[in-house]
Amino acid sequence: MSMTSDMLRGHTETIILAHLMEHDSYGYQINKDILEKTNGIYELKEATLYSAFRRLEQMGNITSYWGNEGSGARRRYYAITEEGKEAYKNQISEWEKTKKIIDELIK
Amino acid sequence: MVDELRKYIDNLFADAPKTRASYELKEELMANSMERYFDLVEDKVAEKDAFDIVIHSIGDVEQLFAPEELGREIPQKDEEVIKKLALYRAIAVGLYILGVVFAIAVDEFTSFDSVGIMGMLLFAAVATSILVYVGAAYPKYKRADDTMVEEFKEWNSNGKKKKSVQNSVNTIIWMVVLVLYFVISFATMAWHITWVMFLIGICAQAIVNLLFQLNDK
């Protein structure tokens with residue numbers, strides 16, 4: 001389990017980009033989605049998530065804006081940019097390659 | 001329990017640098033945590049357990065305070081920057097002194113009065129440029145390394161005390177210069193040259209600041 005955990009954490013940014021490819025989203029929603037897709041086994045720490053957001057933002061792969069929720073704290077939404085879509089494609093093909101190599105090596 | 005959660009998050013950020021980035025981070029964390037909490041409570045999780053789950057899911061907060069996460073530059077090598085700053089300041093102070101020496105030398109050994117003063121002003125111009133450059137190139141350098149909360153606090157209290165001592169010393173220097181200027185000028189009536197004392201005052205101030213800087217280290 002901890003190996004899966006580490007592997008997943010290593011791909012935090014790709015996971016976020018994949019999520020934002022579908023629609024704009026915010027931290028908790030992304031985490032909820034990860035939890036759902038992994039059948040409630042895995043989710044990211046808030047801290048991990050936010051530092052990935054900042055990195056992606058600095059690289060220009062995503063932008064953020066504030067929602068206008070009526071009450072309580074505002075949500076911070078993230079949207080993918082054109083560069084982000086490009087980066088996502090690259091990371092996917094990168095992953096395909098890695099997967100193939102590791103499959104070969106550990107079969 | 002909601003209030004406790006709010007308080008908990010407030011506390012996490014109590015020592016964070018007061019920047020826009022950290023404020024936004026707090027608001028983001030607050031919104032997400034609240035939503036998670038209410039979802040859990042809706043799923044019939046006991047409030048206390050929901051609180052614990054939310055807290056646990058926040059993770060290691062210190063990484064959020066790291067300066068690169070807050071969009072701030074960190075000086076790569078503190079020691080080197082400090083040494084460089086000290087060197088620049090030392091050069092500037094040296095130039096002020098050389099300027100005065102030059103003026104006196106010209107006055108003593110030649111008959112070109114204005115050459116000495118012009119030379120001195122040139123020295124002062126270069127020295128001042130260096131100081132201005134250093135001030136602009138490393139703005140508030142000291143504040144940049146307050147990544148760790150404790151360090152920041154320590155700096156905050158120490159810095160203020162030192163700063164006020166430094167300021168009083170500077171004030172005293174200028175008071176003394178001003179008083180001496182009038183006393184000596186009236187005594188000798190050599191007004192055409194006594195203004196040099198103000199340049200010496202600048203020197204003295206630069207030296208004092210340099211000493212404080214070195215002491216700081």
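**Notebook: chains A and B, predicted model**

I began with the contact between the chains, which takes 18 residues from chain B and 15 residues from chain A. I note that the model is a predicted one. On the side of chain B that touches chain A, I found that α2, α3 (47-58) and α4 (62-65) of chain B each supply at least two residues. The largest share of that side, ten residues, comes from α2(B). I then sorted the residues of this side by character: eight are nonpolar, four polar and six charged.

**Nonpolar cores**

I next looked up the largest nonpolar core, which holds 20 residues. Within this core, A:Ile16, A:Leu20, A:Leu49 and A:Phe53 touch the most other members. I listed the elements that each give at least two residues to this core: α2 (12-22), α3 (27-37), α4 (46-58) and β3 of chain A, together with α2 (20-42) of chain B. The largest share, six residues, is supplied by α4(A). In soluble globular proteins, nonpolar side chains tend to be buried together.

I followed A:Ile16 further. Leaving out residues up to four places away in sequence, A:Ile16 touches A:Ile30, A:Ala52 and A:Leu56. I also recorded a second, separate core of 13 residues, which includes B:Tyr96, B:Phe123, B:Leu131 and B:Leu199.

**Helix α4 of chain A**

I checked the length of α4(A): its 13 residues reach 18 Å from the first C-alpha to the last, close to the 18 Å expected at 1.5 Å a residue. Which residues of α4(A) are buried? I found A:Glu46, A:Ala47, A:Leu49, A:Tyr50, A:Ser51, A:Ala52, A:Phe53, A:Arg54 and A:Leu56 to be so. I note that this list includes the charged residues A:Glu46 and A:Arg54. Just after α4(A), A:Gly60 takes a positive phi of about 80°.

**Strands of chain A**

I turned to strand β3 (residues 76-80) of chain A and compared its two faces. A:Arg76, A:Tyr78 and A:Ile80 form the covered face, whereas A:Tyr77 and A:Ala79 form the uncovered one. In a regular strand the side chains alternate between the two faces of the sheet.

I then looked up the partners of β3(A). Strand β2 (residues 62-66) of chain A runs antiparallel to β3(A) and is joined to it by five bridges. In this part of the record I entered A:Tyr65, which stands opposite A:Tyr77 in β3(A). Strand β1 (residues 25-26) of chain A also pairs with β3(A) in the antiparallel sense, over two bridges. The bridge partner of A:Ser25 in β3(A) is A:Tyr78, a residue of the covered face.

**Annotated spans of chain B**

I consulted UniProt, where an unreviewed entry places the feature "transmembrane region" at residues 86-105, 117-138, 169-187 and 193-212 of chain B. I examined two of these spans in the model. Residues 86-105 of chain B are 100% helix and 0% strand, with end C-alpha atoms 28 Å apart. Residues 193-212 of chain B are 95% helix and 0% strand, and their end C-alpha atoms are 30 Å apart.

**B:Ser185**

I closed with B:Ser185, which I located in helix α7 (residues 149-188) of chain B. Is B:Ser185 buried, exposed or partly exposed? I entered B:Ser185 as partly exposed because 16 other C-beta atoms lie within 10 Å, while a buried residue would need 20 or more and an exposed one 12 or fewer. Apart from neighbours within four places in sequence, B:Ser185 is in contact with B:Ala190, B:Trp191 and B:Thr194. I also noted that the C-alpha atoms of B:Ser185 and B:Trp195, ten residues apart along the chain, are separated by 8.7 Å.

Notes
Residues are numbered from 1 along each chain as its sequence is written. Chains are lettered from A and ligands numbered from 1 in the order in which they are written. This is a predicted model: local features need pLDDT of at least 70, side-chain atom pairs count only at pLDDT 80 or more; totals for chains, interfaces and linings use all residues. Helices (H or I, at least four residues) and strands (E, at least two) are DSSP runs, numbered from the N terminus. Two residues are in contact if their C-beta atoms, placed from the backbone, lie within 7 Å. UniProt positions are given in the numbering used here, feature names are shortened, and annotations may be inferred rather than shown by experiment. Two strands pair if DSSP finds at least two bridges between them. A nonpolar core is a set of buried Ala, Val, Leu, Ile, Met, Phe, Trp, Tyr and Cys residues joined through C-beta atoms within 7 Å. The expected span of a helix is 1.5 Å times one less than its number of residues.
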